[in-house]
Amino acid sequence: MKIANYELNSPYILPAIAGFSDMPMRELCYRYGAGLCFTEMVSAKGLVYGSDNSGLMLITGENERIRAIQLFGGDPHFFEKAILDERLKKFDIVDINMGCPVPKIVKNGEGSALMKNPELAYEIIKISVEAAQGRPVTVKMRAGFSLEDINACKIAELAEKAGASCVTVHGRVREQYYSGDILFSAIRDVKNSVGIPVIGNGNVHDKNTAFDMFEKTGCDGVAIARAAIGKPDIFAELTGQTFEKDLAMIIKEHFEGLLSYLPEQVAVNNFKKHFVSYLKGYKGSKNLKNLITASCSKKDVMDVLRKVEDLTKGLN
Ligand SMILES: Cc1cc2nc3c(=O)[nH]c(=O)nc-3n(C[C@H](O)[C@H](O)[C@H](O)COP(=O)(O)O)c2cc1C
């Protein structure tokens with residue numbers, strides 16, 4: 001699959017996942033075969049006003065083959081200013097969030113609220129394409145805002161007209177949040193109405209569900225979010241690579257990656273949710289999860305990580 005001039009190594013994509021798709025997670029996903037990985041969503045306004053939190057989300061790793069950032073907002077001028085910002089120059093691809101269902105975001109006219117405002121959505125994409133100066137701009141959307149208003153085709157057509165290079169469609173409407181049936185037909189309709197590549201998204205968690213998404217929609221790529229949390233090696237499974245899973249090593253690398261750019265306390269706290277996800281389904285991991293929750297320092301976490309080796313030995 002190709003996005004503008006970028007040939008992806010595989011059609012499996014890690015989309016933006018707030019609180020999760022941090023630099024170490026993206027590096028691990030690339031290593032296991034993801035074709036493209038996006039940062040967590042970053043506020044265009046926050047970037048322009050220099051919020052510290054936004055700055056930390058701009059950290060990228062040496063092993064990110066393609067650097068892709070996702071921005072959210074509701075004002076075209078903040079998108080323009082953010083994309084023109086020196087700190088964003090290193091990103092190869094800029095993605096625009098038009099899918100976030102969180103009430104606070106929607107109330108501000110951001111995320112999935114943009115699906116209800118096609119004129120503004122068009123303006124944001126157009127100004128972003130101009131500011132990106134030749135770098136591809138992509139759009140991540142939902143099937144629509146509500147089941148009564150499934151308008152992904154219209155938004156995708158406008159995105160293409162405004163110069164977007166690819167669209168990702170999460171096959172649910174905003175009011176479904178993250179559960180309920182995937183509207184494969186909405187993704188298929190988008191694929192049939194635009195010439196740019198289309199990435200299908202929603203509930204893909206293994207080879208069969210990925211196959212289904214390709215088959216039912218004709219999409220060019222598939223984005224995997226929740227199934228990649230705590231399991232970056234899902235991309236190896238999907239791409240058919242054989243590998244020997246060393247969970248303890250993956251977890252340690254993730255923690256060390258966070259420590260490489262975050263203050264110790266922040267790294268420890270951010271790491272906890274990843275740790276719990278990595279051990280999901282492992283028998284006997286409850287005690288370790290309790291220990292990680294109580295961890296306050298790098299040393300505490302390292303002590304727990306040594307215990308992970310014992311737990312996972314022989315379980316692969
Ligand atoms: C915790 C969480 C955070 C998310 N953050 C973002 C985000 O920052 N930007 C975005 O476009 N989508 C975000 N999503 C949506 C996912 O990218 C994806 O579209 C959705 O989870 C459906 O895919 P899945 O079934 O593979 O999880 C988030 C989803 C979850 C569960």
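**Talking through the fold**

Mentor: Welcome! The protein has 14 helices and ten strands, which are DSSP runs numbered from the N terminus (H or I of at least four residues for helices, E of at least two for strands). This is a predicted model, where local features need pLDDT of at least 70, side-chain atom pairs count only at pLDDT 80 or more, and totals for chains, interfaces and linings use all residues. Residues are numbered from 1 along each chain as its sequence is written.

Trainee: Why is the protein called as compact as a globular protein of that length?

Mentor: Its radius of gyration, taken over C-alpha atoms, is set against the globule rule, 2.2 Å times the number of residues to the power 0.38. The value is 19 Å and the rule gives 20 Å for 316 residues, so the protein is as compact as a globular one of that length.

Trainee: What makes a residue count as buried?

Mentor: It needs 20 or more other C-beta atoms, placed from the backbone, within 10 Å of its own. Of the 316 residues, 49% count as buried.

Trainee: Which domains is the protein divided into?

Mentor: An automatic or database domain assignment supplies the bounds: domain 1 is 2-239 and domain 2 is 247-312. The contact takes twelve residues from each of domain 1 and domain 2, where contact means C-beta atoms, placed from the backbone, within 7 Å. Helix α1 (residues 23-31) gives the most to the domain 1 side, with five residues.

Trainee: What makes a residue near the ligand?

Mentor: Its C-beta atom, placed from the backbone, lies within 6 Å of the molecule. Here 22 residues surround the ligand, and the closest are Ala16, Ala18, Met41, Ala225 and Arg226.

How values were computed. Two residues are in contact if their C-beta atoms, placed from the backbone, lie within 7 Å. A residue is buried if 20 or more other C-beta atoms lie within 10 Å of its own, exposed if 12 or fewer, and partly exposed in between; C-beta atoms are placed from the backbone.
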